[in-house]
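Please open the structure in your viewer and keep the selection tool at hand. The stops below follow one another, and each tells you what to select next and what is there.

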Amino acid sequence: MTDLAAAKAALKTQAVETPSWAYGNSGTRFKVFAQAGVPRTPVEKLDDAAQVHAFTGVAPTVSLHIPWDKVEDYSALAKHAEDRGVRLGAINSNTFQDDDYKLGSICHPEASVRRKAVGHLLECVDIMDATGSADLKLWFADGTNYPGQDDLRARQDRLAEGLAEVYARLGDGQRMLLEYKFFEPAFYATDVPDWGTAYAHCLKLGPKAQVVVDTGHHAPGTNIEFIVATLLREGKLGGFDFNSRFYADDDLMVGAADPFQLFRIMYEVVRGGGFTSDVAFMLDQCHNIEAKIPAIIRSVMNVQEATAKALLVDRSALAAAQASGDVLEANAVVMDAYNTDVRPLLREVRDEMGLDPEPIGAYRRSGWAEKIVAERVGGEQAGWGA
Ligand code: PSV
Ligand code: MN
Ligand code: MN
(Lines give C-alpha, C1' and ligand atoms only; values in the text may rest on other atoms or scores of the structure.)
(Ligands and ions follow the chains in the order given, each with its own letter.)
Protein backbone atom coordinates (compact mmCIF):
# COMPACT_ATOMS: atom_id res chain seq x y z
CA MET A 1 0.00 0.00 0.00
CA THR A 2 1.24 3.45 -0.77
CA ASP A 3 0.60 6.29 1.64
CA LEU A 4 -1.17 8.96 -0.44
CA ALA A 5 -1.24 11.50 2.38
CA ALA A 6 2.52 11.14 2.88
CA ALA A 7 3.10 11.49 -0.86
CA LYS A 8 1.03 14.69 -0.94
CA ALA A 9 2.84 16.10 2.08
CA ALA A 10 6.20 15.38 0.43
CA LEU A 11 5.12 16.98 -2.83
CA LYS A 12 4.19 20.16 -0.98
CA THR A 13 7.73 20.45 0.36
CA GLN A 14 9.42 19.95 -3.02
CA ALA A 15 11.74 22.74 -4.17
CA VAL A 16 12.94 23.04 -7.75
CA GLU A 17 15.49 25.76 -8.47
CA THR A 18 15.13 27.58 -11.77
CA PRO A 19 18.14 28.98 -13.66
CA SER A 20 18.39 32.70 -14.41
CA TRP A 21 19.74 31.98 -17.89
CA ALA A 22 16.63 30.03 -18.90
CA TYR A 23 14.66 33.30 -18.79
CA GLY A 24 16.99 34.98 -21.29
CA ASN A 25 17.38 34.42 -25.01
CA SER A 26 19.30 31.36 -26.12
CA GLY A 27 19.84 29.39 -29.27
CA THR A 28 22.28 27.27 -31.16
CA ARG A 29 25.50 28.37 -32.82
CA PHE A 30 23.39 28.85 -35.96
CA LYS A 31 20.83 31.34 -34.68
CA VAL A 32 19.34 32.89 -31.58
CA PHE A 33 15.66 33.71 -32.10
CA ALA A 34 15.01 36.65 -29.79
CA GLN A 35 11.64 36.80 -28.03
CA ALA A 36 9.68 39.91 -27.09
CA GLY A 37 9.47 40.62 -23.36
CA VAL A 38 12.60 38.71 -22.41
CA PRO A 39 14.42 40.15 -19.35
CA ARG A 40 17.16 42.71 -19.84
CA THR A 41 18.63 42.54 -16.35
CA PRO A 42 19.12 40.06 -13.50
CA VAL A 43 16.31 41.89 -11.67
CA GLU A 44 13.89 41.18 -14.52
CA LYS A 45 14.99 37.53 -14.61
CA LEU A 46 14.07 37.31 -10.92
CA ASP A 47 10.71 38.93 -11.65
CA ASP A 48 9.99 36.14 -14.15
CA ALA A 49 11.27 33.44 -11.80
CA ALA A 50 8.88 34.78 -9.16
CA GLN A 51 6.01 34.12 -11.58
CA VAL A 52 7.08 30.49 -11.93
CA HIS A 53 7.08 30.14 -8.15
CA ALA A 54 3.78 31.98 -7.79
CA PHE A 55 2.01 29.54 -10.12
CA THR A 56 3.73 26.29 -9.11
CA GLY A 57 4.43 26.93 -5.41
CA VAL A 58 7.55 24.74 -5.64
CA ALA A 59 10.20 26.91 -7.34
CA PRO A 60 11.36 29.15 -4.49
CA THR A 61 14.99 29.70 -5.54
CA VAL A 62 16.87 30.93 -8.60
CA SER A 63 20.43 30.02 -9.68
CA LEU A 64 22.68 32.81 -10.87
CA HIS A 65 25.50 32.54 -13.41
CA ILE A 66 28.46 34.89 -12.98
CA PRO A 67 29.29 37.11 -14.90
CA TRP A 68 26.01 36.80 -16.84
CA ASP A 69 24.21 38.03 -13.71
CA LYS A 70 26.89 40.42 -12.53
CA VAL A 71 25.52 43.37 -10.52
CA GLU A 72 27.05 46.06 -8.32
CA ASP A 73 25.16 45.10 -5.20
CA TYR A 74 24.38 41.41 -4.63
CA SER A 75 22.72 42.00 -1.27
CA ALA A 76 20.28 44.35 -3.01
CA LEU A 77 19.63 41.66 -5.64
CA ALA A 78 18.94 39.13 -2.87
CA LYS A 79 16.59 41.65 -1.26
CA HIS A 80 14.77 42.16 -4.57
CA ALA A 81 14.32 38.39 -4.85
CA GLU A 82 12.86 38.24 -1.36
CA ASP A 83 10.50 41.11 -2.12
CA ARG A 84 9.22 39.04 -5.03
CA GLY A 85 8.81 35.92 -2.88
CA VAL A 86 11.86 33.98 -4.06
CA ARG A 87 15.49 33.56 -2.94
CA LEU A 88 18.84 33.38 -4.67
CA GLY A 89 20.17 29.85 -5.01
CA ALA A 90 23.38 28.36 -6.39
CA ILE A 91 26.07 30.59 -7.82
CA ASN A 92 27.35 29.12 -11.10
CA SER A 93 30.90 30.00 -12.07
CA ASN A 94 31.91 30.75 -15.62
CA THR A 95 35.46 30.01 -16.72
CA PHE A 96 34.62 29.25 -20.32
CA GLN A 97 33.91 32.45 -22.23
CA ASP A 98 37.15 34.46 -22.09
CA ASP A 99 39.86 34.28 -24.78
CA ASP A 100 42.33 33.36 -22.03
CA TYR A 101 40.54 30.06 -21.57
CA LYS A 102 41.26 28.61 -25.02
CA LEU A 103 43.43 25.86 -23.53
CA GLY A 104 41.49 25.55 -20.32
CA SER A 105 40.91 27.43 -17.07
CA ILE A 106 41.98 25.83 -13.82
CA CYS A 107 43.72 23.04 -15.76
CA HIS A 108 45.45 25.44 -18.17
CA PRO A 109 49.19 24.81 -18.69
CA GLU A 110 50.03 28.43 -17.75
CA ALA A 111 49.95 29.41 -14.08
CA SER A 112 48.69 32.95 -14.84
CA VAL A 113 45.51 31.64 -16.47
CA ARG A 114 44.95 29.18 -13.65
CA ARG A 115 45.33 32.09 -11.22
CA LYS A 116 42.70 34.09 -13.09
CA ALA A 117 40.29 31.12 -13.06
CA VAL A 118 40.76 30.44 -9.35
CA GLY A 119 40.37 34.18 -8.70
CA HIS A 120 36.98 34.06 -10.42
CA LEU A 121 35.90 31.07 -8.32
CA LEU A 122 36.94 32.86 -5.13
CA GLU A 123 34.96 35.92 -6.27
CA CYS A 124 31.95 33.62 -6.67
CA VAL A 125 32.31 32.62 -3.00
CA ASP A 126 32.38 36.33 -2.08
CA ILE A 127 29.11 36.67 -4.00
CA MET A 128 27.66 33.71 -2.08
CA ASP A 129 28.52 35.52 1.14
CA ALA A 130 26.57 38.56 -0.06
CA THR A 131 23.56 36.66 -1.44
CA GLY A 132 23.36 34.03 1.29
CA SER A 133 23.70 31.28 -1.32
CA ALA A 134 24.86 27.92 -0.01
CA ASP A 135 26.12 26.33 -3.22
CA LEU A 136 28.95 27.09 -5.61
CA LYS A 137 28.30 25.12 -8.80
CA LEU A 138 31.41 24.43 -10.83
CA TRP A 139 31.46 23.26 -14.40
CA PHE A 140 34.72 23.38 -16.31
CA ALA A 141 34.91 23.44 -20.10
CA ASP A 142 38.53 22.32 -19.69
CA GLY A 143 39.88 19.58 -21.88
CA THR A 144 41.91 18.86 -24.98
CA ASN A 145 41.06 18.24 -28.62
CA TYR A 146 43.99 16.09 -29.67
CA PRO A 147 46.02 13.28 -28.14
CA GLY A 148 49.29 14.72 -26.91
CA GLN A 149 47.95 18.30 -26.74
CA ASP A 150 48.57 18.39 -22.98
CA ASP A 151 49.46 16.00 -20.20
CA LEU A 152 46.21 14.41 -18.98
CA ARG A 153 47.61 13.59 -15.57
CA ALA A 154 49.22 17.00 -14.99
CA ARG A 155 45.87 18.58 -15.79
CA GLN A 156 44.29 16.51 -13.00
CA ASP A 157 46.98 17.74 -10.60
CA ARG A 158 46.26 21.36 -11.56
CA LEU A 159 42.54 20.76 -11.14
CA ALA A 160 43.06 19.30 -7.66
CA GLU A 161 45.26 22.20 -6.64
CA GLY A 162 42.79 24.87 -7.83
CA LEU A 163 39.80 23.13 -6.28
CA ALA A 164 41.61 22.78 -2.95
CA GLU A 165 42.24 26.53 -2.81
CA VAL A 166 38.57 27.30 -3.43
CA TYR A 167 37.43 24.59 -1.03
CA ALA A 168 39.51 26.16 1.74
CA ARG A 169 37.68 29.46 1.18
CA LEU A 170 34.17 27.97 1.70
CA GLY A 171 32.42 29.15 4.82
CA ASP A 172 30.22 27.20 7.21
CA GLY A 173 27.12 25.97 5.45
CA GLN A 174 28.63 26.49 2.00
CA ARG A 175 29.20 23.68 -0.48
CA MET A 176 31.11 23.16 -3.70
CA LEU A 177 29.13 21.19 -6.28
CA LEU A 178 31.28 19.74 -9.05
CA GLU A 179 29.58 19.04 -12.36
CA TYR A 180 30.85 16.57 -14.97
CA LYS A 181 30.19 16.37 -18.69
CA PHE A 182 31.52 13.72 -21.03
CA PHE A 183 32.44 16.01 -23.94
CA GLU A 184 31.95 19.48 -25.40
CA PRO A 185 33.56 21.90 -25.92
CA ALA A 186 36.56 19.57 -25.66
CA PHE A 187 36.29 16.69 -28.09
CA TYR A 188 39.17 14.38 -27.18
CA ALA A 189 39.55 14.49 -23.38
CA THR A 190 37.50 16.46 -20.89
CA ASP A 191 39.10 17.07 -17.49
CA VAL A 192 35.95 16.31 -15.49
CA PRO A 193 34.22 13.92 -17.89
CA ASP A 194 32.33 11.61 -15.57
CA TRP A 195 30.96 11.04 -12.09
CA GLY A 196 33.97 8.94 -11.10
CA THR A 197 36.41 11.78 -11.72
CA ALA A 198 34.14 14.28 -9.99
CA TYR A 199 33.66 11.87 -7.08
CA ALA A 200 37.41 11.26 -6.69
CA HIS A 201 38.11 14.99 -6.45
CA CYS A 202 35.20 15.61 -4.08
CA LEU A 203 36.22 12.73 -1.84
CA LYS A 204 39.71 14.13 -1.48
CA LEU A 205 38.45 17.66 -0.88
CA GLY A 206 36.14 16.77 1.98
CA PRO A 207 32.49 16.82 3.07
CA LYS A 208 31.67 20.23 1.60
CA ALA A 209 32.43 18.96 -1.92
CA GLN A 210 29.72 17.01 -3.71
CA VAL A 211 28.87 15.94 -7.25
CA VAL A 212 26.23 17.47 -9.53
CA VAL A 213 24.47 15.22 -12.01
CA ASP A 214 23.43 17.15 -15.11
CA THR A 215 21.06 14.73 -16.79
CA GLY A 216 22.17 15.88 -20.25
CA HIS A 217 25.85 15.17 -19.68
CA HIS A 218 26.03 11.44 -20.33
CA ALA A 219 26.59 9.16 -23.27
CA PRO A 220 23.39 7.69 -24.72
CA GLY A 221 22.27 4.61 -22.82
CA THR A 222 24.01 5.58 -19.56
CA ASN A 223 22.14 4.30 -16.51
CA ILE A 224 21.90 7.65 -14.72
CA GLU A 225 19.79 6.31 -11.88
CA PHE A 226 22.60 3.92 -10.98
CA ILE A 227 24.98 6.89 -10.69
CA VAL A 228 22.40 8.66 -8.53
CA ALA A 229 21.96 5.63 -6.27
CA THR A 230 25.72 5.24 -5.89
CA LEU A 231 26.41 8.90 -5.14
CA LEU A 232 23.58 9.02 -2.61
CA ARG A 233 24.90 5.88 -0.94
CA GLU A 234 28.29 7.56 -0.61
CA GLY A 235 26.80 10.83 0.67
CA LYS A 236 28.19 12.63 -2.37
CA LEU A 237 25.13 13.62 -4.39
CA GLY A 238 24.99 17.41 -4.16
CA GLY A 239 22.27 18.01 -6.70
CA PHE A 240 20.95 17.87 -10.21
CA ASP A 241 20.99 20.02 -13.28
CA PHE A 242 17.79 18.74 -14.85
CA ASN A 243 17.15 18.88 -18.57
CA SER A 244 16.38 16.50 -21.43
CA ARG A 245 18.60 15.24 -24.18
CA PHE A 246 17.78 13.48 -27.41
CA TYR A 247 21.34 13.59 -28.77
CA ALA A 248 23.95 15.41 -26.66
CA ASP A 249 23.73 18.35 -24.22
CA ASP A 250 20.43 19.53 -25.70
CA ASP A 251 19.16 21.45 -22.62
CA LEU A 252 15.53 20.75 -23.53
CA MET A 253 12.70 20.74 -20.99
CA VAL A 254 13.29 18.05 -18.38
CA GLY A 255 10.98 15.09 -18.83
CA ALA A 256 10.42 15.92 -22.50
CA ALA A 257 12.74 13.31 -23.99
CA ASP A 258 12.45 10.50 -21.50
CA PRO A 259 9.94 10.84 -18.66
CA PHE A 260 10.55 7.20 -17.71
CA GLN A 261 14.23 7.93 -17.08
CA LEU A 262 13.28 10.94 -14.95
CA PHE A 263 10.94 8.71 -12.93
CA ARG A 264 13.69 6.11 -12.45
CA ILE A 265 16.06 8.84 -11.26
CA MET A 266 13.47 10.25 -8.86
CA TYR A 267 12.73 6.77 -7.55
CA GLU A 268 16.40 6.34 -6.61
CA VAL A 269 16.34 9.79 -4.99
CA VAL A 270 13.30 8.84 -2.90
CA ARG A 271 14.69 5.37 -2.15
CA GLY A 272 18.08 6.79 -1.14
CA GLY A 273 16.67 9.46 1.19
CA GLY A 274 17.69 12.24 -1.20
CA PHE A 275 14.27 13.83 -1.14
CA THR A 276 14.55 14.79 2.51
CA SER A 277 18.26 15.66 2.50
CA ASP A 278 20.01 18.67 0.98
CA VAL A 279 20.13 17.43 -2.62
CA ALA A 280 19.52 20.49 -4.82
CA PHE A 281 16.98 19.99 -7.61
CA MET A 282 18.03 22.57 -10.17
CA LEU A 283 16.99 23.04 -13.77
CA ASP A 284 19.65 23.80 -16.39
CA GLN A 285 17.74 24.41 -19.56
CA CYS A 286 17.56 26.71 -22.55
CA HIS A 287 14.29 27.55 -24.26
CA ASN A 288 15.31 28.38 -27.79
CA ILE A 289 12.01 28.34 -29.68
CA GLU A 290 9.30 28.00 -27.01
CA ALA A 291 8.02 30.74 -24.69
CA LYS A 292 10.32 30.72 -21.71
CA ILE A 293 8.18 31.17 -18.58
CA PRO A 294 5.51 28.58 -19.47
CA ALA A 295 8.29 26.19 -20.56
CA ILE A 296 9.90 26.53 -17.16
CA ILE A 297 6.54 26.02 -15.46
CA ARG A 298 6.07 22.89 -17.61
CA SER A 299 9.54 21.66 -16.56
CA VAL A 300 8.78 22.15 -12.87
CA MET A 301 5.51 20.24 -13.37
CA ASN A 302 7.38 17.44 -15.15
CA VAL A 303 9.71 17.10 -12.15
CA GLN A 304 6.65 17.07 -9.87
CA GLU A 305 4.98 14.34 -11.93
CA ALA A 306 8.08 12.13 -11.91
CA THR A 307 8.45 12.70 -8.17
CA ALA A 308 4.80 11.88 -7.51
CA LYS A 309 5.14 8.61 -9.41
CA ALA A 310 8.35 7.78 -7.53
CA LEU A 311 6.59 8.43 -4.23
CA LEU A 312 3.74 6.12 -5.28
CA VAL A 313 5.97 3.05 -5.72
CA ASP A 314 4.65 0.47 -3.26
CA ARG A 315 7.97 -0.13 -1.56
CA SER A 316 6.86 -2.93 0.72
CA ALA A 317 5.30 -4.85 -2.20
CA LEU A 318 8.48 -4.21 -4.17
CA ALA A 319 10.69 -5.44 -1.33
CA ALA A 320 8.58 -8.58 -0.98
CA ALA A 321 8.76 -9.32 -4.71
CA GLN A 322 12.50 -8.70 -4.74
CA ALA A 323 13.08 -10.91 -1.70
CA SER A 324 11.15 -13.78 -3.24
CA GLY A 325 12.94 -13.40 -6.55
CA ASP A 326 9.69 -12.57 -8.35
CA VAL A 327 11.18 -10.66 -11.25
CA LEU A 328 7.91 -9.98 -13.04
CA GLU A 329 6.07 -8.83 -9.94
CA ALA A 330 8.92 -6.52 -8.89
CA ASN A 331 8.94 -4.93 -12.31
CA ALA A 332 5.12 -4.70 -12.27
CA VAL A 333 5.16 -2.80 -8.96
CA VAL A 334 7.51 -0.20 -10.41
CA MET A 335 5.59 0.05 -13.68
CA ASP A 336 2.26 0.41 -11.86
CA ALA A 337 3.58 3.54 -10.19
CA TYR A 338 5.03 4.88 -13.42
CA ASN A 339 1.80 4.27 -15.32
CA THR A 340 -0.35 6.03 -12.72
CA ASP A 341 -1.86 9.28 -13.94
CA VAL A 342 -0.69 11.57 -11.13
CA ARG A 343 -2.13 14.74 -12.61
CA PRO A 344 -5.34 14.59 -10.51
CA LEU A 345 -3.21 14.10 -7.36
CA LEU A 346 -1.07 17.11 -8.24
CA ARG A 347 -4.15 19.19 -8.94
CA GLU A 348 -5.34 18.33 -5.43
CA VAL A 349 -1.92 19.21 -3.99
CA ARG A 350 -2.02 22.62 -5.69
CA ASP A 351 -5.57 23.23 -4.60
CA GLU A 352 -4.59 22.47 -0.99
CA MET A 353 -1.64 24.87 -1.36
CA GLY A 354 -4.03 27.63 -2.40
CA LEU A 355 -2.84 27.53 -6.01
CA ASP A 356 -4.66 27.23 -9.30
CA PRO A 357 -4.59 23.50 -10.15
CA GLU A 358 -3.50 24.33 -13.73
CA PRO A 359 -0.32 26.47 -13.47
CA ILE A 360 0.21 27.06 -17.19
CA GLY A 361 -3.38 28.10 -17.80
CA ALA A 362 -3.28 30.34 -14.75
CA TYR A 363 -0.05 31.95 -15.97
CA ARG A 364 -1.55 32.53 -19.42
CA ARG A 365 -4.62 34.17 -17.89
CA SER A 366 -2.54 36.33 -15.54
CA GLY A 367 -1.54 38.83 -18.24
CA TRP A 368 2.15 38.68 -17.23
CA ALA A 369 3.28 37.68 -20.74
CA GLU A 370 1.51 40.67 -22.29
CA LYS A 371 2.77 42.99 -19.53
CA ILE A 372 6.45 42.17 -20.08
CA VAL A 373 6.11 42.49 -23.85
CA ALA A 374 4.59 45.95 -23.38
CA GLU A 375 6.97 47.13 -20.66
CA ARG A 376 10.34 45.65 -21.60
CA VAL A 377 11.14 47.80 -24.57
CA GLY A 378 14.55 49.32 -25.21
CA GLY A 379 17.78 48.12 -23.68
CA GLU A 380 19.50 44.87 -24.46
CA GLN A 381 17.84 41.54 -23.80
CA ALA A 382 19.70 39.07 -21.64
CA GLY A 383 20.96 36.01 -23.39
CA TRP A 384 22.99 32.86 -22.75
CA GLY A 385 26.41 34.43 -22.57
CA ALA A 386 25.32 37.94 -21.58
C1 PSV B 1 27.54 23.07 -19.28
O2 PSV B 1 27.05 22.42 -20.41
C3 PSV B 1 26.42 23.42 -18.32
O4 PSV B 1 25.59 22.32 -18.11
C5 PSV B 1 26.95 23.97 -17.01
O6 PSV B 1 26.06 23.71 -15.96
C7 PSV B 1 26.97 25.42 -17.32
O8 PSV B 1 27.19 26.24 -16.23
C9 PSV B 1 25.62 25.54 -17.96
O10 PSV B 1 25.62 24.43 -18.85
C11 PSV B 1 25.27 26.78 -18.64
O12 PSV B 1 24.04 26.61 -19.33
MN1 MN C 1 24.62 21.99 -16.23
MN1 MN D 1 25.15 21.33 -20.01
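Select strands β2 and β3 (residues 87-92) in this predicted model, and you will see that β2 and β3 pair in the parallel sense over four bridges. Within that pairing, Val62 stands opposite Leu88 in β3. To follow the chain between these two strands, add helix α3 (residues 74-83), through which the path crosses from β2 to β3 in a right-handed β-α-β crossover.

Next, turn to the pairing with strand β1 (residues 16-19), which runs parallel to β2 and is joined to it over two bridges. Here Val62 appears again, as the bridge partner of Thr18. Adding helix α2 (residues 42-56) to the selection completes a right-handed β-α-β unit made of β1, α2 and β2.

Now keep β2 (residues 61-65) alone on the screen and ask which of its residues are buried or exposed. Five of its five residues are buried, and the strand is therefore described as mostly covered. In a regular strand the side chains alternate between the two faces of the sheet. In β2 both faces are covered, with Thr61, Ser63 and His65 buried on one side and Val62 and Leu64 buried on the other.

For the last stop, select ligand 1 and display the residues that surround it, namely Trp21, Asn92, Trp139, Glu179, Lys181, Asp214, Asp241, Asp249 and Asp284. If you colour this shell by residue class, you will find two nonpolar, one polar and six charged residues around ligand 1.

Technical notes
Residues are numbered from 1 along each chain as its sequence is written. Chains are lettered from A and ligands numbered from 1 in the order in which they are written. This is a predicted model: local features need pLDDT of at least 70, side-chain atom pairs count only at pLDDT 80 or more; totals for chains, interfaces and linings use all residues. A residue is near a molecule or strand if its C-beta atom, placed from the backbone, lies within 6 Å of it. Ala, Val, Leu, Ile, Met, Phe, Trp, Tyr, Cys and Pro count as nonpolar, Asp, Glu, Lys and Arg as charged, and the others, Gly among them, as polar. A residue is buried if 20 or more other C-beta atoms lie within 10 Å of its own, exposed if 12 or fewer, and partly exposed in between; C-beta atoms are placed from the backbone. Two strands pair if DSSP finds at least two bridges between them. A crossover is right-handed if, with the strands pointing away from the viewer, the path from the first strand over the helix to the second runs clockwise.
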